[in-house]
Amino acid sequence: MKGRLRRLSELNINEEATVCGFAESCEIKRRLYELGFVPGSKVVCTLVSPLGDPKAFLIKDTTVAIRSIDSSKIEIC
């Protein structure tokens, strides 16, 4: 599976990845940048809510909860 871009929403708990970019249809790209989701940043899925949405991610020493609809717009590698 090497070389295939995945979506942040696919990340399992305690799995680490690197932010590679955003889907073209990402309307909240600027807000995600402000939260630290910039290409090259390391991100770890730390928590999943009981119903599976949202998930919490550790990025730049900050935990951020993001809905699946939004995290599916973030590309990871």
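These legends accompany several close-up views of the predicted model.

The model is predicted, so local features need pLDDT of at least 70 and side-chain atom pairs count only at pLDDT 80 or more, while totals for chains, interfaces and linings use all residues. Residues are numbered from 1 along each chain as its sequence is written, and side-chain values use heavy atoms, with hydrogens and water left out.

**Figure 1. The whole fold, with 2 helices and 6 strands.** Following the sequence, you meet the pattern β-β-α-β-β-β-α-β. Helices (H or I, at least four residues) and strands (E, at least two) are DSSP runs, numbered from the N terminus. The radius of gyration is 11 Å, which agrees with the value near 11 Å for a compact globule of 77 residues; this radius is taken over C-alpha atoms, and the globule rule is 2.2 Å times the number of residues to the power 0.38. Along the principal axes, the C-alpha atoms fill a box of roughly 30 × 30 × 25 Å. Of the 77 residues, 36% are buried (under 20% relative accessible area; exposed is over 50% and partly exposed lies in between, with a 1.4 Å probe and protein chains only). Where residues at least 6 apart in sequence make contacts, 55% of those contacts join residues at least 24 apart; a contact means heavy atoms within 4.5 Å.

**Figure 2. Lys42 in strand β3.** Strand β3 covers residues 42–48. The side chain of Lys42 makes a polar contact with the side chain of Thr18 at 3.0 Å. Such a contact is a pair of N or O atoms within 3.5 Å; within protein, one must be able to donate a hydrogen and the other to accept it, and residues adjacent in sequence count only if both atoms are side-chain atoms. Leaving out residues up to four places away in sequence, Lys42 touches Glu16, Ala17, Thr18, Leu58 and Ile59.

**Figure 3. Ser41, in the loop between α1 and β3.** Ser41 counts as buried because its relative accessibility is 6%. Its side chain reaches the backbone oxygen of Val38 at 3.0 Å. Beyond four places in sequence, the residues that Ser41 touches include Ala17, Thr18 and Ile59.

**Figure 4. Ser71 in helix α2.** This helix spans residues 68–71. With 1% relative accessibility, Ser71 counts as buried. Setting aside neighbours within four places in sequence, Ser71 is in contact with Arg7, Leu8, Ser9, Phe57 and Ile66.

**Figure 5. Thr63 in strand β5.** Strand β5 runs over residues 62–66. Apart from neighbours within four places in sequence, Thr63 is in contact with Thr46, Ala56, Phe57 and Leu58. Thr63 and Ala17 are 46 residues apart in sequence, and their C-alpha atoms are 15 Å apart in space.

**Figure 6. Two loop residues with positive phi, Asn14 and Asp61.** Asn14 sits in the loop between β1 (6–7) and β2 (16–22), and its phi is near 65°. Asn14 is exposed, with a relative accessible area of 63%. Asp61 lies in the loop between β4 and β5, with a phi of about 60° although it is not a glycine. At 78% relative accessibility, Asp61 also counts as exposed.

**Figure 7. The cis peptide bond between Asp53 and Pro54.** Omega is about 10° at this bond. Pro54 belongs to the loop between β3 and β4 (55–59).
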